[in-house]
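Me: I am new to this structure. Please take one helix and what follows it, and walk me through that part closely.

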Amino acid sequence: MILSVRGVSRSFGDVHAVQDVTFDVEPGTMVALVGRSGSGKTTLLNLIGGLDRPSAGTVVVDGEDVTGLDEDGLSRLRREKLSYIFQTFGLIPVLSAAENIGAPLRLARTPAADRERRVKLLLDLVGLGDHAEQRPGELSGGQQQRVAIARSLAASPRLLIADEPTGQLDAETGRSVMALLRGVVESEGVTVLVATHDPLMMALADRVIQISDGRLVEC
């Protein structure tokens, strides 16, 4: 099991953002987390990714209890096993597409030749082989999201978390990005957990988990 969530809750004062959530995710699958705005999707993703800590319950990613890790342990987890894609892209403006993708590999002190090979492979995977030297400001929104996806794959994570990755994109570009994520599951063997309200993303997923008012409705 790549992900195991057990009895996870998160409260902010009197607001119960996530309530007693339990589910498992098999490796090499694409799972859509579906719910209205304010349903608890982002909070749950943040708890799974170690960006926030639950008020109760446990999260285990690839055999590691995320809820029991200190900050150093969480940093290592994000370097080695878990990666994020945000709807705001989060690219470094002064770096080229290739440099943005290679940044996690630099942090991991990957040898330059290996890093260059991995960056080239990922640029080709996301269809941006001809845009390696362009900076984010020279790319369209869809191209920037493709760079963000490639960067998230640089260190070969086991679990990829995507929070509304097509939220800033037009419908056609969003469809191509969603198809790319589906292809990533097949080609890289990565597990993808994606928060979305897009019906096409749900159709591409192996499984749909629905959340409402912080509770799982369908799993």
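Reply: Here is a close look at one helix, the loop after it and the next strand. This is a predicted model, in which local features need pLDDT of at least 70, side-chain atom pairs count only at pLDDT 80 or more, and totals for chains, interfaces and linings use all residues. Residues are numbered from 1 along each chain as its sequence is written, and side-chain values use heavy atoms, with hydrogens and water left out.

Start with α2, residues 71–80. Helices (H or I, at least four residues) and strands (E, at least two) are DSSP runs, numbered from the N terminus. D70 caps the N-terminal end of α2. A side-chain oxygen of D70 lies 3.3 Å from the backbone nitrogen of D72.

Now the two sides. G73, L74 and L77 of α2 are buried. Their arc around the axis is only 100 degrees, which puts them on the same side of α2. That arc is taken from the directions from the helix axis to the C-beta atoms. Buried means under 20% relative accessible area, exposed over 50%, and partly exposed in between (1.4 Å probe, protein chains only). E71 and D72, on the other side of α2, are exposed. The cover over the buried residues includes β5 (64–65) and β6.

Next comes K81, in the loop between α2 and β6 (82–86). K81 is buried, because its relative accessible area is 18%. Leaving out residues up to four places away in sequence, K81 touches D62, E64, P157, R158 and L159. Contact here means heavy atoms within 4.5 Å.

Definitions and conventions:
Polar contact = N/O pair within 3.5 Å; in protein donor to acceptor, adjacent residues only side chain to side chain.
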